[in-house]
Amino acid sequence: MLCLVMEIFNLRKLLIPVVLIGLAAIFGVNLMNWSAMDAFMFAGLDMSSMVQIDHFTVAFNGVLIFAGALLFAMTHDFYRDEQHHLSDYVTIIVFILCGAMVLTSFSNLVMLYLGIEIVSISLYILAGSRKFDARSNEAGMKYFLMGAFASAILLLGITLTYGAAGSFEIAKITAFAETGGMSSPMFLTGALLAMCAMLFKVAAVPFHFWSPDVYEGAPSLITTLMATLVKVTFFAAFYRLMSTGYAGVSAYTGTLLVFVAAATMIMGNLIALHQVNFKRLLAYSGIAHAGYMILAILSYKTNAAPALLFYGATYILATIGAFSVALPVFSSAGNESIDAFNGLGQKKPFHAAMLTMCMLSLAGIPPLAGFLGKYYIFSEAIRNGYMLITLLAVVASIVGVYYYFKVILAMYTKPADQTPMRFPIIYVIVTCICAGLSLLFGVWPGGLTGLL
Amino acid sequence: MMTILLLILPLVAALFVLLSGSKLASKIALGFAGVELALTCYAVSLFQTSGPEAFYVFHDWIDAPKVSFHLGLDGLSLLMVVLTNLLLPLIILSGFNREINNAKGYYSLILLMQFALVGVFMAMDGLLYYIFWELALIPIYFIALRWGGRNRVAITLKFFIYTLAGSLLMLFGFIMLYWYNPGQSFDIRELYGMVVSEEAQSWLFWTFFLAFAIKIPIVPFHTWQADTYRESPTQGTMLLSGIMLKMGTYSLIRWLLPVLPLGVAKWGQLVMILCVAGIVYASIIALKQRNLKNLLAYSSVAHVGLIAAGIFAWNIQGLQGGVIQMFAHGINVVGLFFCADILMNRTNTNEINELGGIRNLAPIFSTMFMIVVLGSIALPLTNGFIGEFLLLYGVYEYNNWMAVPAGLTIILGAAYMLRMYKKVMLGNVSSYVPEFPDLKWNELVVLGVIVLLIFVMGVYPQPVLNMAEPVLQDIMSYRVI
């Protein structure tokens, strides 16, 4: 909690005066926080019953801060025509990061709700942040209406749980569930509602309809933010919720989750096959990846948190890397379709190679990190006896290869047009970091898995 | 140390070539491949004196699922590494005097491919092996995609997804084995002879077999092959048919027979029938082909079908034959595809009916071509003979009647290869062949080396047999039929 406060104040103090220096400083502060939190971890810091900082929190926070830093790095160039609003946007993104940290550390359902609202409300604003773009407004509105509905359902679930267990605290709810709470229909209904709300937030089928529209309409950088940082945050919270307070419920909801995971993987991959818009493509691919990550939640009994962390981190790296190439391409081509990448292999071989690496990582091809991420998840699922669903996941990821390769094919086989392309240096740095880390974690996964 | 050096050198070379200029790329690549070959020769001499123990490398790599960086070179692995490193300089040299745009990317990918292939043959840990296996797919895909023929986009994508599908099934199988293994690791020493129930083995068998059958390819999983061979650039086809295909047959011996003996016992007969039927089927199709590269592709299916049949017969003759034929086929098929490339380069066509009468114009080339053809139809004293003989003997031991259709491969093979040679090289000079200069220096070197190897191995195959013998005896000890 302490580091959380420090985080907010540090960031805001630095950001508002000089954005550029601030960006560099955030990165430094993040790194310092990272080592500082390690120290807390050993002290076994337990601030109150509201949050609990444990290994899980520290590891996920590290990944999320790093992802945040990469995104901040790109913010300046992305909003260069709206300089006077820049500080607002950056501040809101800091809020999201703050909410994300609440979500990885909550030990009380109220904190869960608060965290989700901090993140979601900030996102509603950001999704609509291109004020003169109708699509951006539409995305913000859509996300707001549907997101608010899901939040209400979550709140209802939490209330019912409170009614049954008599407390918001995770520890007390767990104790209640172990001492015969399972027979309480009110508790089960509450758990089910909360689960549905979380499934909405992570865009799992059948609660996924908002995601392609919002991803497409929102400014590209915000799409990146939603697809990476926020998605993994929600998954961390989801995992924390399902593996602690609602752990006992899985006897009832396990089958349901299996079907949700299956539907998510199938729908996500199949619909992605036909997408021509790159952002929609990544939206559906994100849905498919959500399906794989649900497998990790199913396997909580054997502590699948390292698998989830690794998968989330590789997914974040590959997606941010892909967008850091895609953003400049979009702005020079003037559209966001896959055709915008035509001939990139000839025009900018280096960037094309980097994007190829990100795509291969998303597709799960060794030796890139995405492969090991998939491997960890599949391995945990098999260990917990989810044989058929894992086989389905294997088949689904074969389908996935096809649409990731559509992008690669566009770069290398289609003729180039003459539009000049400008890659701001900061984007190139982000690309290199993402692709480089994807390769590094692919051959040396110990660096990430050692955290948990 | 030697092992690591053998593995890393191609990777270093690939980076080096990528950073060099396109003009120098081919020469630098050749230089590195030559050094690698010399190193391999040194490793062989070391192997003869000190045995396989000196070549094992073991490091912990990943903790949580226990994966170790475990490399090793026993007789079988070393043979495959020799094959790879022997063919690589020839493949690179065969690209000299050809127009290749962005040569540094091209040769860099070829060397990356060498790295992955050497890794596959050395890996002694299941997941490490799997990573190299998949890694080999990426360079060859891009080689075919960037430098391939007209229909390359759709065909290479089919190739990629088809083989990847098989590989992912194998990954699933490996994860299952990991959890079956009481020691919870992928290490080959623990996987060999591990106790897994017959029921589990009988379906695990398919997860591995499908991956290998697609790669080899065994009929009916061969549909990607002819198209991909035709559309790839020549060096890509050589890599695919000469070495990459051997990944499948090598893996049958290394990763399927001793790991899942009960599964093999249960399904072996079905697989044998598939293989033998595939041999006859592919030979008949080869008879009908009009395009030279297609014909070679189907003849390749027939040959490797026999290799797979010999391996699944699971007796020492079949395994010995399989190993030696892998080696021989690798050399022959590279020679054949190079001859096809020379024809294509000079005449711009690979249609058998459009060629003819080249013998009068290019006597050296036609003699060399003849020898390679004879090697591939297994004439005594060439390298193909001893392999096919042992393989047929192995199949005969397994089931007398199965050897009859399997033996057809030699007769049919002679029929379609000689018919092809007659039409392409003999007769009157075809109007499509205005002029046909004889071999250039690099072509002469490549074909000369191949011809030499064909004879040396045909006359004196014993070193290869000796080298593989202890490993194969070990594999035999897991047999349960």
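Setting aside neighbours within four places in sequence, A:Ala262 touches A:Ile389 and A:Leu392. That pair of contacts is a handy way into this predicted model, so let's start there and work outwards.

**Around A:Ala262**

A:Ala262 belongs to helix 11 of chain A, which covers residues 250-272. Is A:Ala262 buried, exposed or partly exposed? It counts as partly exposed, because 19 other C-beta atoms lie within 10 Å and being buried takes 20 or more. For a sense of distance, A:Tyr215 sits 47 residues away along the chain, and the C-alpha atoms of A:Tyr215 and A:Ala262 are 22 Å apart.

**Two helix pairs in chain A**

In general, a pair of packed helices is described by the angle between the axes and the distance between them. Here is how two pairs in chain A look on those terms.

| Helix pair (chain A) | Axes come within | Crossing angle |
|---|---|---|
| helix 11 and helix 17 of chain A | 9 Å | roughly 15 degrees |
| helix 10 and helix 13 of chain A | 9 Å | roughly 175 degrees |

Take helix 11 and helix 17 of chain A, whose axes cross at roughly 15 degrees. That angle is why helix 11 of chain A is roughly parallel to helix 17 of chain A, since angles under 35 degrees count that way. The crossing of helix 11 of chain A with helix 17 of chain A is left-handed. On the helix 11 side, the residues making the contact include A:Val258, A:Ala261, A:Ala262, A:Met265 and A:Ile266. Helix 17 of chain A answers with residues including A:Ile389, A:Leu392, A:Ala393, A:Ala396 and A:Tyr403. Sorted by class, this contact has 13 nonpolar and two polar residues, with no charged ones.

Now for helix 10 (residues 220-243) and helix 13 (residues 305-333) of chain A, with axes crossing at roughly 175 degrees. How does helix 10 of chain A run relative to helix 13 of chain A, parallel or antiparallel? Roughly antiparallel, because of that crossing angle; the cut-off is over 145 degrees. Among the helix 10 residues in the contact are A:Leu221, A:Thr224, A:Val232, A:Phe235 and A:Tyr239. Helix 13 of chain A contributes residues including A:Leu308, A:Gly312, A:Tyr315, A:Phe323 and A:Phe330. The class count for this contact is 14 nonpolar, five polar and no charged residues.

**Where the chains meet**

Chain A and chain B each put 23 residues into their contact. Which elements of chain A give two or more residues to the side that touches chain B? They are helix 16 (369-383), helix 17 (387-413) and helix 19 (446-449) of chain A. Helix 17 of chain A supplies the largest share, eleven residues. So helix 17 of chain A turns up twice: in the contact with helix 11 of chain A and on the side of chain A that touches chain B. That side of chain A is made up of 16 nonpolar, six polar and one charged residue.

**The chains as wholes**

Chain A has 19 helices and zero strands. Of its 452 residues, 59% are buried. Among contacts in chain A with a separation of 6 or more, 79% link residues 24 or more positions apart.

Chain B has 20 helices and two strands. Buried residues account for 60% of its 481 residues, and 81% of contacts between residues at least 6 apart join residues at least 24 apart. The C-alpha trace of chain B spans about 70 × 55 × 45 Å along its principal axes. Its radius of gyration is 21 Å, which agrees with the value near 23 Å for a compact globule of 481 residues.

Notes: Residues are numbered from 1 along each chain as its sequence is written. Chains are lettered from A and ligands numbered from 1 in the order in which they are written. This is a predicted model: local features need pLDDT of at least 70, side-chain atom pairs count only at pLDDT 80 or more; totals for chains, interfaces and linings use all residues. Axes are lines fitted to C-alpha atoms, for helices over the stretch in contact, and angles run from 0 to 180 degrees between N-to-C directions. Helices (H or I, at least four residues) and strands (E, at least two) are DSSP runs, numbered from the N terminus. Angles under 35 degrees count as roughly parallel, over 145 as roughly antiparallel, 65 to 115 as roughly perpendicular and the rest as oblique. Two residues are in contact if their C-beta atoms, placed from the backbone, lie within 7 Å. Ala, Val, Leu, Ile, Met, Phe, Trp, Tyr, Cys and Pro count as nonpolar, Asp, Glu, Lys and Arg as charged, and the others, Gly among them, as polar. A residue is buried if 20 or more other C-beta atoms lie within 10 Å of its own, exposed if 12 or fewer, and partly exposed in between; C-beta atoms are placed from the backbone. A crossing is left-handed if the near helix is turned anticlockwise from the far one by less than a right angle, and right-handed if clockwise. The radius of gyration is taken over C-alpha atoms; the globule rule is 2.2 Å times the number of residues to the power 0.38.
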